[in-house]
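Grab a coffee and work through these short exercises with the model open beside you. Try each task before reading its solution.

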Amino acid sequence: MSKEKTVKLELTPTDANALMVMIENEIETTFTYGDIDPINDWEHADLYAHKLLAYHKYKTWYQSPYRTWYKENAE
């Protein structure tokens with residue numbers, strides 16, 4: 001487990017959905033439509049890796065059973 005400080009976001013379901021849509025669009029644009037050239041953009045490989053890690057972490061949280069249960073049962 002990382003010993004770095006973490007920042008917790010408190011998002012409404014609408015905000016969480018909007019953020020997920022923006023992140024998915026960014027990842028799709030970057031990696032699906034050839035917005036990255038691994039040979040020419042080698043200096044930025046760590047940036048792309050951090051984007052993928054952030055996307056994975058957020059999507060895992062976004063699709064988690066607890067979040068879904070909480071969203072359905074919160075008033």
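**Exercise 1. Which residues make up the largest nonpolar core?**

Before you start: this is a predicted model, where local features need pLDDT of at least 70, side-chain atom pairs count only at pLDDT 80 or more, and totals for chains, interfaces and linings use all residues. Residues are numbered from 1 along each chain as its sequence is written, and side-chain values use heavy atoms, with hydrogens and water left out.

Step 1. Know what you're looking for: a nonpolar core is a set of buried Ala, Val, Leu, Ile, Met, Phe, Trp, Tyr and Cys residues joined through side-chain atoms within 4.5 Å. Buried means under 20% relative accessible area, exposed over 50%, and partly exposed in between (1.4 Å probe, protein chains only).

Step 2. The core turns out to have six residues: A16, M20, I27, Y55, Y58 and Y62.

Step 3. Now place them: α1 (13-31) and α2 (45-62) are the elements giving two or more residues to this core. Helices here are DSSP runs (H or I, at least four residues), numbered from the N terminus.

**Exercise 2. Is Y58 buried or exposed, and what does Y58 touch?**

Step 1. Find Y58 in helix α2.

Step 2. Y58 counts as buried because its relative accessibility is 11%.

Step 3. List its contacts (heavy atoms within 4.5 Å). Leaving out residues up to four places away in sequence, Y58 touches L11, A16, L19, M20 and I23.

Step 4. Check one partner: A16 is 42 residues from Y58 in sequence, yet their C-alpha atoms are 9.4 Å apart.

Step 5. Look at M20 too, with the same sequence cut-off of four places: M20 touches Y55, Y58, K59 and Y62.

**Exercise 3. How many salt bridges does the structure hold?**

Step 1. Set the rule: a side-chain nitrogen of Lys or Arg within 4 Å of a carboxyl oxygen of Asp or Glu.

Step 2. You should get two.

Step 3. In one of them, K59 meets E24 at 3.0 Å, N to O. K59 sits in helix α2 and E24 in helix α1, so this pair ties together parts 35 residues apart in sequence.

Step 4. E26 also pairs with K51, with the closest N and O atoms 3.0 Å apart. Here E26 is in helix α1 and K51 in helix α2, so the parts tied together are 25 residues apart in sequence.

Step 5. Check exposure: K59 is partly exposed at 22% relative accessible area, and E26 is partly exposed at 37%.
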